[in-house]
Amino acid sequence: MLSHNSIWRAIDALAERHQLSPSGLARRAGLDPTSFNKSKRQSPDGRDRWPSTESISKILEATGATIDQFMALLQSGGGTSSRAGPPAAGIPLIGFAQAGAGGFFDDGGFPVGQGWDEVEFPVAPQSKSSVYALEVQGDSMLPLYRDGDVLIVDPGAQVRRGDRVVLKSREGEVMAKILARQTSRGVELLSLNPDHPNRSFEMKDVEWIARIVWASQ
């Protein structure tokens, strides 16, 4: 017998098979990235929601999976591994281009406002309130980070020399670099890509700087 939970678990398992988050699967299928978020699986009054047959058809087409394979995931309970991993947490996700705009961060570099997508990440509950994800766009961070990679950033983590960091300038530039040196007067950054220059900023020109704690590869 079909149930709401079994279908959602099968969608999650299909995403995992293709090394995608549920929002990444939705995006690949041409759907709204939030289509499969946990918050979309129930109506405002708490009733369970069914995914549409159209959305299921689109994710099967996008992944090349057959309806028989999807039904097999339903019958197996959606599991793809015999080992139980840590629970996945939904954290905010935004692209680098959007991150340069106003309204997405407070003065400390913590995520605020609307317009964020969501990505699942097995993060410790005590860290969930501060971490967020940035999606790499373009080739300026090659060879370390590629277009589409997701960087998990923790603005509450201590930043030290040699750390990979994300910095946002007061002019709206957002960049991922290696921290070479930081003083009370300024910060020096090494570029990840040799074709792009190293950067230096006076602290008065830095809106925030945060450490990269994880990256998808």
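Leaving aside its neighbours within four places in sequence, which residues is tyrosine 132 in contact with? The views below begin there, and the model is a predicted one, in which local features need pLDDT of at least 70, side-chain atom pairs count only at pLDDT 80 or more, and totals for chains, interfaces and linings use all residues. Residues are numbered from 1 along each chain as its sequence is written, and side-chain values use heavy atoms, with hydrogens and water left out.

**View 1. Tyrosine 132 in strand β3 (residues 132-135).** Strands are DSSP runs of E with at least two residues, helices are runs of H or I with at least four, and both are numbered from the N terminus. Beyond those sequence neighbours, tyrosine 132 is in contact (heavy atoms within 4.5 Å) with Ile91, Pro92, Phe105, Gly109, Pro111, Trp116, Leu151, Ile152, Val153, Pro155 and Trp208. Its relative accessible area is 0%, so tyrosine 132 is buried; buried means under 20%, exposed over 50%, and partly exposed in between, with a 1.4 Å probe and protein chains only.

**View 2. The two sides of helix α3 (residues 53-63).** Here the buried residues are Ser55, Ile56, Ile59, Leu60 and Thr63. They line one face of the helix, because seen down the axis of α3 they fall within an arc of 135°, taken from the directions from the helix axis to the C-beta atoms. These residues pack against α1 (4-17), α2 (22-28) and α4 (67-75). Turned away from the buried side is the face with exposed Thr53, Glu54 and Glu61.

**View 3. Serine 191 in the loop between β7 (186-190) and β8 (199-202).** Serine 191 is buried, at 15% relative accessible area.
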